[in-house]
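Biologist: Could you take me through one part of this model in detail? I'd like a close look at the sheet and how its strands are put together, and then a word on what else stands out.

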Amino acid sequence: MAFKVMGVCGGRRDGNSEILTKEALLACQELGAEITYVNLNDYKILDCTGCTHCTQGMFMKGENVGCVLKNADDKDKLMQAMFENDAFIFAAPTYDLQVSANFTRFMQRSLAYETAFLEKIGAIKPKHRIAGLITTGGSTRAWMSMSLENMQAAMFTCDFNVIDMILATRVPAKGHVLTRPELIERAHKMGENIMRSLSKDPKDRGWEGDPDFGWCPHCHSNSLSLGEPQWDGTYYKVECQVCGCGGVLKEEDGKWKFVIDPENGHLKDRTTVAGRGLHLDEIGTTEGGFYRDPHNFEIVKEKMPRYKEMKYKTV
Ligand SMILES: Cc1cc2nc3c(=O)[nH]c(=O)nc-3n(C[C@H](O)[C@H](O)[C@H](O)COP(=O)(O)O)c2cc1C
């Protein structure tokens, strides 16, 4: 049976992100894949309301209660189609250094579709899913500094394993990528990389992108932060902002290298279900701890009226 590859794009219709997505999909199609493509601008996607109905159903009842907005917009329809696919090309423009809001809005509605949970209760078929990420921008990395990292962070909930990324720089105008054959070629290569990865056993699938891309040797993000003690006492001098791996910076041949602690640097690796499981322990301790102590409800009941009654002029 042919592999199924889906393109999900947040860019303008006929825009740079769309053109690069279509080129990557073309390579997949030439190599035998069945293709689906959606531009998020053609669908209604509402914001996550933060009600936590879905996660309370998962963690309190062990049930798939779904999203309260299930029948209010197109998210569910798109997710059901996505679950049929083996691989994805996700593409979106950079707005204000970050990925566009329509892409983030779509992905942040995925909590009700947490694949590890849905697979565990048999609601969807277990599948190893891979992804290639593309962002376009008018500038260089300097003004696109968080875009790919935003997109990477949106991959965890549904366990999309990122095997390639493209930062398409200096293409501000609509159709601008058409004047840049090297970007079209690189998008085509992303499609080939996706198909090469799919041909491998899931346990052997790994990074297929440019070898020195990014700063983190694990997830290839370009964003590191100074570590601070975490809720359970874990502390790293330096952390990858995306995958959460920890280690130190070392200078080698005049270049700063991020070296992940060989002993426990991968402990909090958010690209794995196990690493994210430790975050569930954190939520169980912090949020669960709040709900377990009745004294907290008394404090909220006593102090909340002051803020409820605080009214300011609005627009
Ligand atoms: C509101 C807005 C903000 C933007 N901010 C940035 C930015 O911070 N950095 C950048 O490199 N390009 C920025 N751009 C340029 C777009 O990323 C660029 O035109 C991109 O190619 C658009 O992709 P599309 O054709 O797929 O829609 C911005 C464009 C808009 C409309």
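**A close look at the sheet**

Modeller: Let's begin in the middle: strand E8 (residues 238-240) and strand E9 (residues 246-252) run antiparallel and are joined by 2 bridges. Keep in mind that this is a predicted model. Within that pairing, Val-238 sits opposite Gly-247 of E9.

On to the next neighbour. E9 and E10 are also antiparallel, and here 6 bridges hold the pair together. If you want one to find on screen, look for Glu-251, whose bridge partner in E10 is Trp-256. The hairpin made by E9 and E10 has 2 residues between the strands, and Asp-253 there takes a positive phi near 50°.

Now zoom out a bit. These strands belong to an open sheet of 4 strands, in the order E7-E8-E9-E10, with antiparallel pairing. Its edges are strand E7 (224-226) and strand E10 (255-260), each of which pairs on one side only. From one strand to the next, the twist averages 45°. As background, strands in a sheet pair through backbone hydrogen bonds, and they can do so in parallel or antiparallel fashion.

You also asked what else stands out, so have a look at the helices. The axes of H1 and helix H7 (residues 181-198) come within 7 Å and cross at roughly 45°, so the two helices count as oblique to each other. The crossing of H1 past H7 is right-handed. On the H1 side, the contact includes Leu-20, Ala-24 and Cys-28, and on the H7 side it includes Ile-184, His-188 and Met-195. Sorted by type, the residues of this H1 and H7 contact come out as 12 nonpolar, 2 polar and 2 charged.

H1 turns up again at the ligand. Helix H1 (16-30) and strand E3 (87-95) each give at least two residues to the shell around the ligand. There are 20 residues around the ligand, and those that come nearest are Gly-11, Gly-15, Ser-17, Pro-93 and Gly-137. By type, the shell splits into 7 nonpolar, 9 polar and 4 charged residues.

Note on methods: Residues numbered from 1 in each chain as written. Predicted model: local features only at pLDDT ≥ 70, side-chain atom pairs only at ≥ 80, totals over all residues. Near = placed C-beta within 6 Å. Nonpolar A, V, L, I, M, F, W, Y, C, P; charged D, E, K, R; others polar. Axes fitted to C-alpha atoms, helices over the stretch in contact; angles between N-to-C directions. Parallel < 35°, antiparallel > 145°, perpendicular 65-115°, else oblique. Left-handed = near helix turned anticlockwise from the far one by under 90°. Contact = placed C-beta atoms within 7 Å. Pairing = 2+ DSSP bridges.
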